[in-house]
Amino acid sequence: MASLGHDVVGYDIDPSKVDQLKAGILPIYEPGLDQMLTDVLAKGKLRATSKLAEAISDAEFVFTCVPTPQDDDGSADLSYVIAASQAMKSLLKPGAVVVTKSTVPVGSAQRVEAAIDRDDIHVASNPEFLREGAAVYDFQNPDRIVVGARSADVAQRVMDLYAKVECPKVLTSQPAAELIKYASNSFLAIKLSFVNDVAALCEAAGADSREVMRGMGLDTRIGNRFLEPGPGWGGSCFPKDTRALASIADSFGLQIPLIAAAIASNETAHKRVADRVMNALGGSLVGKTIAVLGLTFKADTDDTRESPAISVIERLIGRGGKVVAYDPLVNKYDLAGLSLADSPIAAATGAQALVVLTEWAEFKSIDAKEILSAMSGKVVIDTRNVFDQKTWETTGATFPSTVSPRTI
Ligand code: UGA
């Protein structure tokens, strides 16, 4: 928002985050964000404070970006959203618009209105569609911006903040905006579960899944994005949001079985990778060492929350294996049976199998010969299709299938 020219004041209950931001230090890795932060701090467009009144008493718009973690029953826990609303209640200036950025279930805007309990304050929903690792790009090049409010006038005022961003702009109601977010994430998760199921079928039938996905993606109704098979999807959004959507449907007494099926398919995808490693190593992982490349839930982020890589590693360890992993941005992870190495070659040395679980670009240039000669086995399982399989095979690697391809 500061990069668009607005005067922004950031507030957090954690003073150390505020101090870091003031000093131009980001608490996360996000490509391009450090430069953007330096620019807006230098221009005086972004300030930070640990005093709530200082942050919001003059603000025309207050964006709440607090977490909505998972409750025990899968529903979203709104306690931070409500606590933030109550904390600002008496400080907001008349006419201010409170804008929810946090991913919240349908009906939350009304709960925020009730928590603020003031007729002179408006509440709008402006869901976030940024991907981790591509957040700056997505902010500047969004597919769409969605704003939901009770009145078109309030929705338009919020949308005007994005006047400099060119893209389709959707003005809608509060519940529609809230549902667009969950439905989008859940649809993408369903798409990926289907992609991973079809990729498994491709393998069984001796078809190259990349060719199948390319052929599917050329149908513009399907689209060529989000068709990369992998070890399963993860991260801080899809797992949480799919469970939350299932719980929202449940609260309305509705059955939406596709969501449950996508979640179950994703569990199967994690298990399938572990099965493939075990079968390739003779049916048992006991006493075996497996090298893993990648721990984050996808490339270009330092985030390991609900990472499919971790889920696969837990299964490998659970079946008696020992895992040595390398990730460009993770140098600490507490899990018995897992140790971290500081390079791909260090991870691979002495390992019976090499498993790629995150699609870091640097893995593409790994020297196949060097890695294979350091390993004690030749099994390579590349769940993200980062290696050039032919080059690796000519240096002696074997890329085992989960099942023997049937001759067609
Ligand atoms: C997701 C959505 O894509 C964003 O639009 C949304 O704003 C965000 O959640 C959120 O709710 O905050 P994110 O979780 O950062 O973004 O990551 P994605 O790029 O969507 O990837 C999610 C998972 O799907 C990762 O594990 C990734 O490796 C996997 N994936 C993605 C694939 O396996 N194949 C693909 O083709 C694409």
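The following paragraphs describe the strand pairings, the surroundings of the ligand and several individual residues in a predicted model.

Strand S4 (residues 97-100) is paired with two other strands. With S3 (61-64), strand S4 runs parallel, the two being joined by four bridges, and within this pairing Thr 64 has Thr 100 of S4 as its bridge partner. The connection between these strands involves helix H4 (79-88), and S3, H4 and S4 together form a right-handed β-α-β unit. Strand S4 is likewise joined by four bridges to strand S5 (residues 122-125), again in the parallel sense, with His 122 in S5 as the bridge partner of Val 97. Here the chain passes from S4 through helix H5 (residues 108-116) to S5, in a β-α-β crossover that is right-handed. Within S4 itself, Val 97 and Val 99 point to one side of the strand, whereas Val 98 and Thr 100 point the other way, and all of these residues are buried.

A further parallel pairing, over four bridges, is found between strand S6 (residues 145-149) and strand S7 (residues 169-172). In this pairing Ile 145 stands opposite Lys 169 of S7, and S6, helix H7 (residues 152-160) and S7 make up a right-handed β-α-β unit.

The ligand is surrounded by 19 residues, of which Phe 129, Leu 130, Glu 132, Lys 181 and Phe 297 come nearest. By residue class, this shell is divided into nine nonpolar, eight charged and two polar residues. Polar atoms of the protein approach the ligand from the backbone as well as from a side chain: a nitrogen atom of the ligand lies 2.8 Å from a polar backbone atom of Glu 228, an oxygen atom of the ligand lies 2.8 Å from a backbone N or O atom of Phe 297, and an N or O atom in the side chain of Lys 298 is placed 2.8 Å from an oxygen atom of the ligand. Of the 710 Å² that the ligand exposes when taken alone, 90% is buried by the protein. Two elements, helix H8 (174-205) and helix H10 (238-251), give two or more residues each to the shell around the ligand, and the largest share, three residues, is contributed by H8.

Helix H8 also holds Ser 186 and Leu 188, which fall into separate accessibility classes. Ser 186 has a relative accessible area of 2% and therefore counts as buried, and its side chain reaches the backbone oxygen of Tyr 182 at a distance of 2.8 Å. Leu 188, in contrast, has a relative accessibility of 27% and so counts as partly exposed. Although Leu 188 and Phe 226 are 38 residues apart in sequence, their C-alpha atoms are 7.4 Å apart in space. Phe 226 is placed in the loop between helix H9 (209-217) and H10, where it is partly exposed at a relative accessible area of 30%. The backbone of Phe 226 has a phi near 60°, a positive value in a residue other than glycine.

A positive phi, of about 65°, is also found for Asp 300, which is not a glycine either. Asp 300 lies in the loop between S8 and H12 and is partly exposed, with a relative accessible area of 37%. The loop between strand S8 (289-293) and helix H12 (308-318) holds Asp 303 as well. With a relative accessible area of 7%, Asp 303 falls under the 20% limit and is therefore buried. A polar contact of 2.8 Å links the side chain of Asp 303 to the side chain of Arg 305.

Asp 71, finally, is located in the loop between strand S3 and helix H4, and at 36% relative accessibility this residue counts as partly exposed. Asp 71 is separated from Lys 240 by 169 residues in sequence, while the distance between the two in space is 9.6 Å, C-alpha to C-alpha.

Terms used
Residues numbered from 1 in each chain as written. Predicted model: local features only at pLDDT ≥ 70, side-chain atom pairs only at ≥ 80, totals over all residues. Heavy atoms only, no water. Near = heavy atom within 4 Å. Polar contact = N/O pair within 3.5 Å; in protein donor to acceptor, adjacent residues only side chain to side chain. Areas by Shrake-Rupley, 256 points an atom, 1.4 Å probe, with all protein chains shown as cover. Nonpolar A, V, L, I, M, F, W, Y, C, P; charged D, E, K, R; others polar. Pairing = 2+ DSSP bridges. Right-handed = clockwise from strand over helix to strand, strands pointing away. Buried < 20%, exposed > 50% of the residue type's maximum accessible area, 1.4 Å probe, protein only.
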